[in-house]
Amino acid sequence: MDLPVDEWKSYILQKWSLLPKSIQVTISTAKTLNDLFLHSSLLLQPEDEMFLKRLSGGYLVGKDPDASLFYREKGNKKFQEKDYMGATVLYSKGVSHSGPNSTDISLCYANRSAALFHLGQYETCLKDIVRAQTHGYPERLQPKLLLRKAECLVTLGRPQEASQTISDLESNFAAKPTLSASQFQILQRTLCRVKVKVQEKENLPEVFPEALTKTFEGADLREENEQIPSASSSVSLHIDPVKGRYLVATKDILPGELLVKEDAFVSVLNPGEMPLRRHGLESKWDIQVTNGDLHCHRCLRRTLAPVPCDGCSYAKYCSQECMQQAWDRYHGVECSLGALLLTLGVFCHVALRSALLARFEDVGKVIKKLCGEMSNQGISLPESKDPAQILKYDLRGEGGKKDKAVETPIPGCDINGKYERNYNAVFHLLPHTENHSPEHKFLCALSVSALCRQLEAAGLQAFTTDLKPTKLKAAETPVLCAELNVWGVAMLRHMLQLQCNAQAITTIQHTGSKENLITDTQQVRLATALFPVVSLLNHSCSPNTSVSFIGTIATIRASQLIRRGQEIFHCYGPHESRMGVAERRQKLRSQYFFDCDCPPCERERQRPSAGPGREAFRCHRCRALLQGDDVLSCGGPACTESVSRDLLVSRLQDLQRQVGAAQKRLRNGRLELAIQLLLGCQSDAESFLSADHSVVGEIEDTLAQAYAALGDWEKSATHLQESLRVVEVHHGPSSVEMGHELFKLAQIFFNGCAIPEALNTIQKAEKVLLVHYGPWNDEIQELQKMKSCLLDLLPIPGGPQE
Ligand SMILES: [Zn+2]
Ligand SMILES: [Zn+2]
Ligand SMILES: [Zn+2]
Ligand SMILES: [Zn+2]
C-alpha cells in the first residue's frame with residue numbers, strides 16, 4: 001500500500017535488470033538526488049507510461065451513474081433487512097458515484113437519511129434531508145422527507161421548527177394532492193402522531209442536545225515550548241553526531257503528562273484494499289467497506305454520512321468545509337490523478353501532497369532554497385557513514401548564528417534556533433539516500449517522474465501558479481520544465497524519507513457483534529503522515545511515552561516517570577512486548593538503518609536466552625518448564641523428559657487452529673459449542689504451555705466473551721481475570737493493552753451489576769487509559785458514564801432504608 005502496486009514494481013525491476021551495466025552504475029553512484037532523478041527520468045519511455053496507464057485504468061475513481069443505481073439498490077435491500085448501518089454505507093457509495101445536482105444523488109441522500117433516522121443519528125439525518133433537497137429531490141416524494149424531518153426535530157426537542165415543518169407539509173398537500181387515497185391516510189395518521197409528540201414536547205422546556213463534537217480544549221499543553229512549537233516546555237531539543245536530533249526532559253515528568261500535541265504537516269488516508277476491477281467474473285462494483293468509506297479524507301474523523309468530491313468517486317469528506325479546504329490545498333490538483341496515485345502507492349501520494357502544501361509557504365523562498373541546496377550539493381548528498389559528516393552536511397545550508405555553543409542552528413530550525421513546524425522542517429528529515437538499494441531508488445525516481453509527466457500532460461501548473469507561468473506541451477519537450485524538475489527532486493526526497501519518517505496514524509476499532517456485549521478493540525492503521533516534531537524522537541523498544549491520535553493530531557504522553565535529563569523515547573513499531581530481540585533488531589536495521597542499543601536490547605543481547613521466557617513449553621509429566629533449542633529437556637528435579645521443539649511447535653499450531661475454529665463459532669452465535677471447544681483447548685494448553693503463554697490468555701479472553709454473550713457474568717469475569725493476568729505479564733501493569741483489558745472487565749462487572757467490583761475496575765482502567773490517551777478518549781468517557789450510573793444505584797450510606 002505504501003509502495004507502488006506489485007505489477008509496477010516488478011515492471012520497473014525488470015527494466016532495471018535489462019539496463020546496461022554502465023547506466024546501472026551511473027544511477028547507483030549518483031552523488032545527489034538531483035543526478036539520481038535526472039538520470040532515471042531520462043529512461044522513462046512512452047511505453048512505460050502506457051503500461052502504468054493501463055494499470056491505473058483498473059481503479060474506479062470516476063463517477064458512474066450505473067454504480068450509483070447499483071449501490072442504491074443494494075442499500076435498499078439492506079434497509080429492508082433492517083441492517084441500517086450496512087444500508088448507510090452502501091447509500092454513501094451511491095452518493096459518491098452520482099454527479100452533483102442529479103436525481104441519483106438526491107435519492108441516495110434521502111435514502112441515507114432514512115437509514116440514519118433508524119440509527120438514531122437525528123442531526124446527521126437532518127443534514128442529509130437538506131442535502132437531498134438542495135440536489136433536486138423529486139417534488140412528488142417531498143412529503144415523506146418532510147415528515148421525517150418533523151420527526152427528527154421532535155426527537156431533538158425542537159418543537160417550533162417541527163411545527164413549522166408540519167404546516168409546510170399541510171400546505172403542500174392542500175396545493176398539490178399528489179398522493180393516492182391510501183397513501184394519504186397513512187400520512188394523515190403519522191402526522192397526527194407527530195403532532196401529539198410536538199404538543200407533549202411543547203410543554204417541556206426546550207432542551208438543546210449537548211454538542212456532540214468533542215472539543216479538544218482539555219488536552220492542551222500546559223506550557224508551550226519556545227524553541228519547538230507543539231511541544232511542552234518540559235522538553236528541549238538537542239543534537240549530537242551519534243543520536244542526531246533528540247528530545248530531553250528539562251524537569252521531572254509525571255506519567256500522563258502531555259509532551260507533544262502536533263497536527264500532521266501532511267497526511268494521506270490509506271485507502272484500504274481497493275481491489276482492481278476484474279473483467280467478467282465478478283460484479284464490477286465491490287460492496288466491501290474500507291476506512292476510506294468511513295473516515296473524512298481530510299481530517300480523518302469518522303463519519304457515517306460523508307459528502308463526496310464533485311469530480312471523483314474516491315475522495316469523501318465529513319463536511320462541505322473539509323471538502324473545500326482539501327480542494328483548495330491539494331485535491332484540486334490530485335482529483336484527476338486518483339487512479340495513478342492509487343497505483344503508485346501512499347508514499348508517492350504523501351510526497352506529492354507535501355510538495356503541494358509547500359506552495360502555501362513562501363514559494364519563492366522554498367524554490368530558491370531547493371535550487372540552491374541542490375546545486376551546491378549540500379543537502380542532497382548521500383549521507384556519509386561517519387555521523388560527524390552527516391552533521392556537517394546537514395548543518396550546512398543555513399548560515400545563521402545563535403550562540404557560541406551552537407554555531408549553526410540545528411537542521412530544520414530557523415536562524416534564531418527555533419524549530420519550525422513547516423516545510424523547512426519536513427525537508428530536513430533525513431532521506432538516508434545511500435542506505436536504499438539502487439533498485440528501490442530507481443523505482444521511486446521513475447514513479448515520481450511518471451507523476452511529474454502526468455502533472456505536465458494534464459496542463460496543471462501545480463507548482464508554478466504563483467511563479468512565472470510555464471506551459472509546456474509534453475510531446476514537444478520530453479525534458480521536464482526546470483521548476484517541475486526541482487519539485488520532482490523534492491518529491492523523490494520525500495519518498496525516500498518516508499521509509500524512516502512516516503508515522504502511521506492509527507485508530508482503535510471496536511469490534512463487537514450484537515450478541516457480543518463486551519467490545520473488543522483492535523488497532524488499525526488509518527493514514528500515513530509526517531509530523532516534524534514527533535519525528536525528533538528517537539526509538540526505544542521500551543519507550544517512556546505513548547502516542548495516540550485524534551483526527552490528524554498526534555499526542556505524545558509520558559507513560560512513566562521521566563527524570564530530568566533523560567531522553568524522551570518513542571517506539572517505531574518493534575516493541576519489546578511484541579517481539580524478541582533478534583526480530584526487533586532485524587526490523588529496525590532493514591527499515592530504519594540503525595542498530596538498536598536501547599536498554600532492553602542491550603540487556604537481552606548480553607544475557608541471550610536467559611531462561612525459557614514467557615512463551616515457554618512445559619513438561620507433561622512434572623509441569624516444570626522445558627529448556628533448550630532443538631531438543632528441549634525438563635528443568636524439573638529428578639525428571640529426565642525431553643521433547644523435540646518441532647513436535648511442540650506443531651502441537652501449538654494445532655491448538656491455535658482449534659482456538660480459531662472456536663472463535664468462528666462464537667461469531668456465528670453458536671455459543672455452547674464454542675465454549676465446549678474452548679474448554680478442550682484450555683486443558684490441552686495446560687498440558688504443554690506455560691501458564692503465561694499468550695495463547696493461554698487468548699483462550700481465556702475468548703471464553704470470557706462467550707460467557708458474556710450467554711449472560712453468565714460471573715464466569716465471564718473469572719476468565720477475563722485470567723486473561724488480564726497474562727496481559728500483565730506480557731505488557732506490564734500500566735500498559736495500554738492492560739487498559740483495554742481492564743475496560744472489558746469493567747463492562748462485564750457493570751453488566752453483571754457487581755457494583756463494588758465494577759467501580760474498582762473502572763477506577764483502575766481509567767487510571768491506566770488516562771496516562772496513554774488523556775481525558776478525551778472514547779473508552780474513558782464510557783467508563784465515566786458507567787461510573788455515574790453505578791453511583792446512582794448505590795444506596796446512600798446512612799440514608800433511610802426502604
Ligand atoms: Zn473532515
Ligand atoms: Zn476529486
Ligand atoms: Zn531496542
Ligand atoms: Zn518433567
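In this predicted model, Cys622 is partly exposed, with a relative accessibility of 34%. Cys639, by contrast, counts as buried, because its relative accessibility of 15% falls under the 20% cut-off. Both residues bind metal: the zinc ion (ligand 4) has as its protein donors the SG atoms of Cys619, Cys622, Cys634 and Cys639, which lie 2.3 Å from the ion. Angles among the four donor atoms range from 92 to 118°, and the site is tetrahedral. Along the chain, the donors are spaced as C-x2-C-x11-C-x4-C. Cys622 sits in the loop between helix 22 (599-606) and strand 13 (626-627), whereas Cys639 sits in the loop between strand 14 (631-634) and strand 15 (642-644); the pair therefore ties together parts that are 17 residues apart in sequence.

Disulfides were also considered, and the structure contains zero of them. Two further cysteines are buried. Cys108 has a relative accessible area of 0%, and Cys322 has a relative accessibility of 7%.

In soluble globular proteins, nonpolar side chains tend to be buried together. The largest nonpolar core of the model comprises 102 residues. Within this core, the residues that touch the most other members are Trp8, Tyr317, Leu352, Phe442, Leu451, Met491 and Leu492. A second core, separate from the largest one, has 31 residues, including Leu237, Val260, Leu269 and Ile410.

Notes
Residues numbered from 1 in each chain as written. Chains lettered and ligands numbered in written order. Predicted model: local features only at pLDDT ≥ 70, side-chain atom pairs only at ≥ 80, totals over all residues. Heavy atoms only, no water. Disulfide = S-S within 2.5 Å. Buried < 20%, exposed > 50% of the residue type's maximum accessible area, 1.4 Å probe, protein only. Core = buried A, V, L, I, M, F, W, Y, C linked by side-chain atoms within 4.5 Å. Donors = N, O, S within 2.8 Å, 3.2 Å for Na, K, Ca; no water. Tetrahedral: all angles 85-135°; square planar, octahedral: opposite > 155°, others 65-115°. Helix = DSSP H or I, 4+ residues; strand = E, 2+ residues; numbered from the N terminus.
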